[in-house]
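User: I should like to learn how the terms used for a protein model are justified. Please take each term in turn and set it against its definition.

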Amino acid sequence: MTSRTCAPRRGTTSSRSFWCPFEVHGPERTIDVVLRWRRSDEVTELLTDPPEPVVVGRAECVPDVCALHPEQVVEYEYEGLLGTELQEALTEWEESLADDEDEEEEDEGEDGSGGAAGYATYEEYEAAMAAARDEEPYEVDYRGDLSIPPGWKVGGFASWHLTDPAPVDCRECGAPMPPLLTVDAGEWGGGSESWIPVEDRARDGAAGVGRSARPTGVLLGRGLMRVHTCPAGPAHPHRLSFQ
């Protein structure tokens, strides 16, 4: 079993999450996840070498050894769940940013290269275009840069970037179930550069999606798994959602 632990203040209730290293052993042939609740002041001895599963379905089901440096960030509701007026205001804001960038490019003028004809070979033209794209300013938007940060996290909102938003309600009492734990394949990507730590920008480059962007090496389902719990009753069965 693979585990990740939330680190609460002493004396509070915490959850330890386990999942089977095979992706078809759970309900509906998905990942089998088990939650164990406990009080942190009752934990007397911590394992320095957590046990590793002997047999796994895929290596990506078991996290690689890596350092954990948690930080608290503010995030906002997924844009598709916001009110119509607020969504329209966000669209206008993003369009205004794009218009400002277009004006800056027009002020700089054209280089007069005449497209591919201005280069000795098409390969040189492609290389020049790739270099130009790398120098283009990063386009900030609500979804990728301000709303829901990518990566592993405890709490927060759910992103529905691959599917339409779907209700995740408790099957016992009907209460909406927010995410307790999000397990993501990467900590950032090409559309979420603003979340790249300064230290990793220097290592992987401005749009780096190298090894430091995927420190755990985990890839569950389509890349992102969420464990939802009921706020009305911790003992109520949890639910999973995938993106």
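Analyst: A residue counts as buried when its relative accessible area is under 20%, as exposed when it is over 50%, and as partly exposed in between. In this predicted model, 30% of the 243 residues of the chain count as buried.

User: What makes up the chain in terms of helices and strands, and in which pattern do they follow along the sequence?

Analyst: The chain contains 4 helices and 7 strands. Their order along the sequence is β-β-β-α-α-α-β-β-α-β-β.

User: Why is the contact between Glu-23 and Arg-58 called a salt bridge?

Analyst: A salt bridge requires a side-chain nitrogen of Lys or Arg within 4 Å of a carboxyl oxygen of Asp or Glu. For Glu-23 and Arg-58 the N to O distance is 2.8 Å, so the pair meets the definition. Glu-23 belongs to the loop between β2 (13-19) and β3 (33-39), and Arg-58 to the loop between β3 and α1 (84-108); the pair therefore ties together parts that are 35 residues apart in sequence.

User: What makes Glu-23 and Arg-58 partly exposed?

Analyst: The relative accessible area of Glu-23 is 23%, and that of Arg-58 is 27%. Values between 20% and 50% fall in the class in between, so Glu-23 and Arg-58 are both partly exposed.

User: Which residues are linked with Glu-23 in a network of salt bridges?

Analyst: The network links Glu-23, Arg-58 and Glu-60. Besides the salt bridge of Arg-58 with Glu-23, there is one between the side chains of Glu-60 and Arg-58, at 3.0 Å from N to O. Glu-60 is partly exposed as well, because its relative accessible area is 32%.

User: How do you know that Glu-75 and Lys-153 form a salt bridge, and are they buried or exposed?

Analyst: Their side chains meet at 2.9 Å, N to O, and the cut-off is 4 Å, so the term applies. Glu-75 lies in the loop between β3 and α1, whereas Lys-153 lies in strand β4 (residues 153-154), so the pair ties together parts that are 78 residues apart in sequence. Both Glu-75 and Lys-153 are buried. In total, the structure holds 5 salt bridges.

User: How many aromatic pairs does a search of the whole structure find?

Analyst: The search finds 1 aromatic pair. Trp-19 and Trp-152 form this pair, with 6.1 Å between the centres and 45 degrees between the planes.

User: Why is the pair of Trp-19 and Trp-152 called tilted?

Analyst: Ring centres must lie within 6.5 Å to form a pair, and 6.1 Å satisfies this condition. Planes under 30 degrees apart would count as stacked and over 60 as edge-to-face; 45 degrees is neither, so the pair is tilted. Trp-19 is in strand β2 and Trp-152 in the loop between α3 (142-147) and β4, so the pair ties together parts that are 133 residues apart in sequence. Both Trp-19 and Trp-152 are buried.

User: What sits over the ring of Trp-160?

Analyst: The charged end of Arg-226 sits over this ring, 4.6 Å from its centre. The distance limit is 6 Å, and the value for Arg-226 and Trp-160 lies within it.

User: Which residues make the nonpolar surface patch, and what makes Leu-146 eligible for it?

Analyst: Trp-93, Val-140 and Leu-146 make a patch of about 230 Å². Leu-146 is found in helix α3. A patch residue needs over 30% relative accessible area, and Leu-146 has 36%, so it passes this cut-off.

Definitions and conventions. Residues numbered from 1 in each chain as written. Predicted model: local features only at pLDDT ≥ 70, side-chain atom pairs only at ≥ 80, totals over all residues. Heavy atoms only, no water. Helix = DSSP H or I, 4+ residues; strand = E, 2+ residues; numbered from the N terminus. Buried < 20%, exposed > 50% of the residue type's maximum accessible area, 1.4 Å probe, protein only. Phe/Tyr/Trp six-rings, centres within 6.5 Å; stacked < 30°, edge-to-face > 60°. Lys NZ or Arg CZ within 6 Å of the ring centre and 35° of its normal. Patch = residues over 30% accessible without salt bridge, like charges linked within 9 Å, V, L, I, M, F, W, Y side chains within 5 Å. Areas by Shrake-Rupley, 256 points an atom, 1.4 Å probe, with all protein chains shown as cover.
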